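Hello,

Here is the structure I promised to hand over. Please take a look, then read my notes below.

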Amino acid sequence: RWGRSICQWGTRSDTLVVGYRPDTVRDLHALVDFVRRVGRGQAFRNLQHEHRRAAEKNFRSGCKYTAAMFKANPSILILRIDLYYRPDPVGFTYGHVADKSLESYLRALRRRRVIPGYLGSMIKRAAGPGRGMHYHLVVYVEARLHRCAWFLIQALGERWRDQVGREKGSYFNCCGWQDRFHYNALGLVHVSDVVRLVGVRLMIWSMSKHDCKLKIDSRKAKDFWRSKMPAVAKNGGTPPAHGIGLVKRMLGGPRSQYPKGLAPVPAERGYGNM
């Protein structure tokens, strides 16, 4: 209703006095009043509650899946990459083409046509006015086959660019951010490594949070999903030689609860803003 008027009021100055337009100021006040009125309403609070419940559900699902991975593998190589799909003139929208490209990409990944030793993955879909549709991808790889994460992430990114086209696709190798992480979860993670496991928890926390909710043709759609749980023998099988008690401790509890006995670290220092 007021977007066109407000967005056309462009100025490079740090003050809003430059380029003053009474009609734009009126529309801006109307927008602020609308946001305040809706934010106080019960309907908005209910949606906010549903938003938090979805984030908690995603977090529990990601932790459960990761714990199952560690139960089958004492060491896992964790890769993190951001896949971008360059937006069309209207960037902050849902893109069916981008999702179809991702489905084909994940299919090749599951069939181990991209990198060998693939175990599973978690994906978070997001969108932004500048970056358009993009995906935060975590990939679990067999540690017995690999040790270096950097080159594998590069291979993941180059496959994405080749698939969607270099004029549309791009990627970011998150290994370049390792120095920024207070608790780093990238690379080789063992079930006994406390610091790395805390980083894994913070990584899942960041993957599960919702900065915004994308509306897709008035239908409900997931912005977070993961691979299927690893198969477990019906008779229970032989218990793993490595214990996963520490993994369960690090990945247990709700999103707001930090592992007992460890000092909390702000999310932006733990895994960075995604």
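**Inside the protein**

Leu 156 touches seven residues beyond its sequence neighbourhood of four places either way: Leu 79, Ile 81, Tyr 105, Leu 109, Val 114, Ile 115 and Val 139. Keep in mind that this is a predicted model.

Leu 156 also belongs to the largest nonpolar core, which has 31 residues. Leu 79, Ile 115, Val 139 and Leu 156 have the most contacts inside this core. Which elements supply at least two residues each? Three strands do: S1 (75-85), S2 (118-128) and S3 (132-142). Helix H4 (96-110) and helix H5 (149-164) do as well. Another core lies apart from this one. That core has 27 residues, including Tyr 65, Phe 70, Leu 197 and Ile 204.

**One buried residue**

Ala 98 sits in helix H4. Is Ala 98 buried or exposed? Its relative accessibility is 1%. Buried means under 20%, so Ala 98 counts as buried. Leaving out residues up to four places away in sequence, Ala 98 touches Tyr 85, Met 133, Tyr 135 and Trp 160. His 134 is 36 residues from Ala 98 along the chain. The C-alpha atoms of Ala 98 and His 134 are separated by 8.3 Å.

**On the surface**

Now the outside. Leu 31, Phe 34, Val 35, Val 38 and Phe 44 form a nonpolar patch on the surface. Together they have about 380 Å² of accessible area. Which helix gives the most to the patch? Helix H2 (residues 22-39) does, with four residues. Val 35 is in helix H2. Val 35 has 51% relative accessibility. The cut-off for exposed is over 50%, so Val 35 counts as exposed.

**The whole chain**

The protein chain has 274 residues, and 43% of them count as buried. Its exposed surface is about 16,000 Å². Carbon and sulfur atoms supply 54% of that surface.

How many helices and strands are there in the protein chain? There are eight helices and six strands. Along the sequence, the pattern reads α-α-α-β-α-β-β-α-β-β-α-β-α-α.

One last figure concerns contacts in the protein chain with a separation of 6 or more. Residues 24 or more positions apart account for 73% of them.

Best wishes

Technical notes
Residues numbered from 1 in each chain as written. Predicted model: local features only at pLDDT ≥ 70, side-chain atom pairs only at ≥ 80, totals over all residues. Heavy atoms only, no water. Core = buried A, V, L, I, M, F, W, Y, C linked by side-chain atoms within 4.5 Å. Buried < 20%, exposed > 50% of the residue type's maximum accessible area, 1.4 Å probe, protein only. Contact = heavy atoms within 4.5 Å. Areas by Shrake-Rupley, 256 points an atom, 1.4 Å probe, with all protein chains shown as cover. Patch = residues over 30% accessible without salt bridge, like charges linked within 9 Å, V, L, I, M, F, W, Y side chains within 5 Å. Salt bridge = Lys/Arg side-chain N within 4 Å of Asp/Glu carboxyl O.
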